[in-house]
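Reader: Please show me the model. I would like to ask how its labels are justified.

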Amino acid sequence: MTRTLPAACLALSLSALASGAVLAAPPCPGVMISHSAASPAEAAAVGRQISKGALPIDAKLQVGTWSIFHVRPATADPLYLFFHGDPAKTQRIYLSPGQGRPDEYQDIKQEVEQNATGIPPALSSCFAHLVTGG
């Protein structure tokens, strides 16, 4: 299931992924959000970036050719992997545990933009809202 979310609408399950609690929906206009990999091949390509095979993908945030995958490795804490381009053909740009307090929104957004140079502002903003509870 993929959709562009209006500012006031994000599935509560995605918010719960970031914090384990139900949070207010982050503003994510223009960000495509799906609750899994697009295909088993995509899960395998993302998984190979940090493990030996496919990883469960809980969510994918995407704007244009940029994407952020929330993965759950079997032997590590959940992570967010950032890509510019097809994960099967490119290396991840950035990796984040995706945890923050509400007052850290600006710091997290800035950190993402510094480490994932060129990321669309809508995507970095959506991610920062997601992991800080907005």
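Author: Ring pairs join Tyr-80, Phe-82, Tyr-94 and Phe-127 into a cluster. The model is predicted, so local features need pLDDT of at least 70 and side-chain atom pairs pLDDT 80 or more, while totals for chains, interfaces and linings use all residues. Residues are numbered from 1 along each chain as its sequence is written, and side-chain values use heavy atoms, without hydrogens and water.

Reader: What makes Tyr-80 and Phe-127 an aromatic pair, and why is it called edge-to-face?

Author: Rings of Phe, Tyr and Trp (its six-membered ring) pair if their centres lie within 6.5 Å; planes under 30 degrees apart are stacked, over 60 edge-to-face, and the rest tilted. The structure holds four aromatic pairs. For Tyr-80 and Phe-127 the centres are 5.0 Å apart and the planes 80 degrees apart, which fits edge-to-face. This pair links distant parts of the chain, with Tyr-80 in strand 5 (residues 79-84) and Phe-127 in helix 4 (residues 121-132), 47 residues apart. Helices (H or I, at least four residues) and strands (E, at least two) are DSSP runs, numbered from the N terminus.

Reader: How do you know that Cys-28 and Cys-126 form a disulfide?

Author: The rule asks for a pair of cysteine sulfur atoms within 2.5 Å. In Cys-28 and Cys-126 the sulfur atoms are 2.0 Å apart, and they form a disulfide. By this rule the count is one. Cys-28 sits in the loop between helix 1 (12-19) and strand 2 (32-34), and Cys-126 in helix 4, 98 residues away. The link is right-handed, with 85 degrees about the S-S bond.

Reader: Why is Cys-28 called buried?

Author: Buried means under 20% relative accessible area, exposed over 50%, and partly exposed in between (1.4 Å probe, protein chains only). Cys-28 has 1%, so it is buried. Cys-126 also has 1%, so Cys-126 is buried.

Reader: How do you know that the buried residues of helix 3 line one face?

Author: The buried residues of helix 3 (residues 105-115) are Tyr-105, Ile-108, Lys-109 and Val-112. Seen down the helix axis, they fall within an arc of 100 degrees, so they line one face of helix 3. The arc is that of the directions from the helix axis to the C-beta atoms.

Reader: What covers the buried residues of helix 3?

Author: Among the covering elements are strand 5, strand 6 (94-96) and helix 4, where contact means heavy atoms within 4.5 Å.
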